[in-house]
Amino acid sequence: MVVNAESSTWVPLLPGLLRQEDDGSVTLLGSRCEGCGTTYFPAMKICVRCLSPERMLSAPLSRRGTVYTFSVVRQSLPEFPTPYVLAYVDLPEGVRVLSQLADVSPEAAHIGMEVELVGAITRKGDADQPEVLGFRFRCVTGKGS
Amino acid sequence: MSDQEQFVMAEQADRGGAPAVYVVGVGMTQFGKQPDRTPEDLGREAVWAALQDAAIDPRKIEAAYCGHVYQGMAVGQRVMAQVGLAGIPVTNVENVCSSGATAIHGGYLAIRAGECDVVLALGVECLTGRFRGALAPEEGDFEALQGMTMPSIYAMRARRHMETYGTTAEQLARVSVKNKRNASLNPYAQFKKAVTLEEVMASRPIAEPLKLMECSPVSDGAAAVVLMSERAVRALAARKPTRLAAVALLSGTYEPGLTDMAFEPLTWRTAQVAYARAGVGPEDIGFAEVHDCFSSAEVLRVEGLGLVPRGEYPRFVEAGHADIGGKLPINPSGGLLGKGHPLGATGVAQVVELVRQLRGEAGPRQIDGAKAGLAHCRGGKAAGIEGAACTIAILTA
Ligand SMILES: [Zn+2]
């Protein structure tokens, strides 16, 4: 799903979780400790390895990753229509992100699948509240799904 | 072992001179769907049964600890008022699925510290009036917002176990078959009927590869235990004391990075503390009640406890070694999968089962000759941390 770049009425799924680029794509924003290099997502203010709050920098994360494990969810809360494929995706920064997979059939999902980030509206906006911008991962184009 | 783990071990290793703790009375209600019963009602029944079992004057109880998750404010005091114990110090504890075990931990510490000699620990939960299907995760948690459910977490961990060790869906399903068979021998259990492997495999998929019969049910129930110091056991001539050799409580660490989800460091760490405190090792444990909220969870627990080498538990179950009468019976009560899972009551009911087994009062599910049993609970999941709370109790005959 490509997000409408004209829209300025969205809020992120959680504050500071991601940013929208000029072309409408999204980037996940983690944090990285300058001291030990550990990257966190969602971002942390204090490095839990160094216990140092002084050297945490904002860290835009890679868009491509690999499925570490997944499940086809058949029963969930009402706000999550089933079925959906839920996965832990490993990113090159050494970060593991929980995300739904978009446009991946239950049969096609597999460990080791190469996936890429895509923005997704997780709640539609209305007169009272802005739309919520989250994200999914989808199969890297040309890798089959 | 990291510096932090060594520190935890040094801090929590057995302290010479602290009073020994015994379980002298146990009681529980029927577990199951009982939407017309209140927490006060269920709690009263369990507490009264434990007091009767201990055969002591209720006025000897000096303090109470009450574990629960969703029962609202001051549920412990509301129960105590029903049994003539209002007025004593009551502490309500919430630690997700380890709440009841954390209540026992509180009572254990009070006696070890020399502050109390007779303490009541109870757990109570009414869920069926509140939830249908999966429990709702905490709002605002990043993973909850992504569509995480508890079954999906244990499904994803199961898939890693399958990938790493060649575990099969049938092997996982056999955990449910075993536990529901044990439950059919337990009059307090929610499920009264044994099931076949085919029935488990054919049950509705919830979060693949986990099926409905591999998920613990929504339950109502309560359980209680009376704890005593060694001094009180002698002074009050307790009839049937069982040694509570150790209770350990730890929380999950925040682990950034790419950890092995087919293994549970939290269970492993907590077990090291419990074994050190009790002065025993995994080889001394004759049977265990472990937190089988899902079939795959039992695998992760037993391997995390070091009772069976990593990756081998599914084949251990398949060979019948975890059955009552096997090498190492696991969840003889029926576990969460068979007995039911009223969150706050679960950890206390595990200790009730250990005591009944060690006293030789477990009837048709009696394990022969076991000298030491272990109860393991863990619960809760939040983004970044492996698990919220883990508790392990070791009891010896
Ligand atoms: Zn650092």
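Me: Why is F135(A) called buried?
Reply: Buried means under 20% relative accessible area, exposed means over 50%, and partly exposed lies in between (1.4 Å probe, protein chains only). F135(A) has 0%, so the residue is buried. This is a predicted model, where local features need pLDDT of at least 70 and side-chain atom pairs count only at pLDDT 80 or more, while totals for chains, interfaces and linings use all residues. Residues are numbered from 1 along each chain as its sequence is written, chains are lettered from A and ligands numbered from 1 in the order in which they are written, and side-chain values use heavy atoms, without hydrogens and water.

Me: What makes the pair F135(A) and F137(A) edge-to-face?
Reply: Rings of Phe, Tyr and Trp (its six-membered ring) pair if their centres lie within 6.5 Å; planes under 30 degrees apart are stacked, over 60 edge-to-face, and the rest tilted. A search of the whole structure, over all chains, finds eight aromatic pairs. In F135(A) and F137(A), the centres are 6.2 Å apart and the planes stand at 90°, so the pair is edge-to-face. F137(A) is also buried, at 0% relative accessibility.

Me: Which residues do ring pairs link into a cluster?
Reply: F41(A), F135(A), F137(A) and F142(B). F41(A) also precedes a cis peptide bond, the one to P42(A), with omega near -10°. P42(A) sits in the loop between β4 (39-40) and β5 (56-60) of chain A.

Me: Where is the cis bond that starts at E208(B)?
Reply: The bond runs from E208(B) to P209(B), with omega near 10°. P209(B) belongs to the loop between β5 (205-207) and β6 (210-211) of chain B. Most peptide bonds are trans, and most residues other than glycine have a negative phi.

Me: Why is A55(B) called partly exposed?
Reply: A55(B) has a relative accessible area of 49%, so the residue is partly exposed. Its phi is positive, near 55°, and the residue is not glycine. A55(B) lies in the loop between α2 (39-54) and β2 (63-67) of chain B.

Me: How do you know that V96(B) counts as partly exposed?
Reply: V96(B) is at 27% relative accessibility, so the residue counts as partly exposed. V96(B) is not a glycine either, yet has a positive phi of about 50°. Its place is the loop between β3 (90-93) and α4 (99-112) of chain B.

Me: What makes S176(B) buried?
Reply: Its relative accessibility is 0%, so S176(B) counts as buried. The residue is in helix α7 (residues 169-183) of chain B. Helices (H or I, at least four residues) and strands (E, at least two) are DSSP runs, numbered from the N terminus. Leaving out residues up to four places away in sequence, S176(B) touches V200(B), M213(B), E214(B), S295(B) and L337(B). Contact means heavy atoms within 4.5 Å.

Me: How do you know that the radius of gyration of chain A agrees with a compact globule?
Reply: The radius is taken over C-alpha atoms, and the globule rule is 2.2 Å times the number of residues to the power 0.38. For 145 residues that gives a value near 15 Å; chain A has 16 Å, so the two agree. Chain A has zero helices and ten strands.

Me: What makes chain B agree with the globule rule?
Reply: Chain B has 19 Å, against a value near 21 Å for 397 residues, so chain B agrees with the rule. Chain B has 14 helices and eleven strands. Of its 397 residues, 62% are buried.
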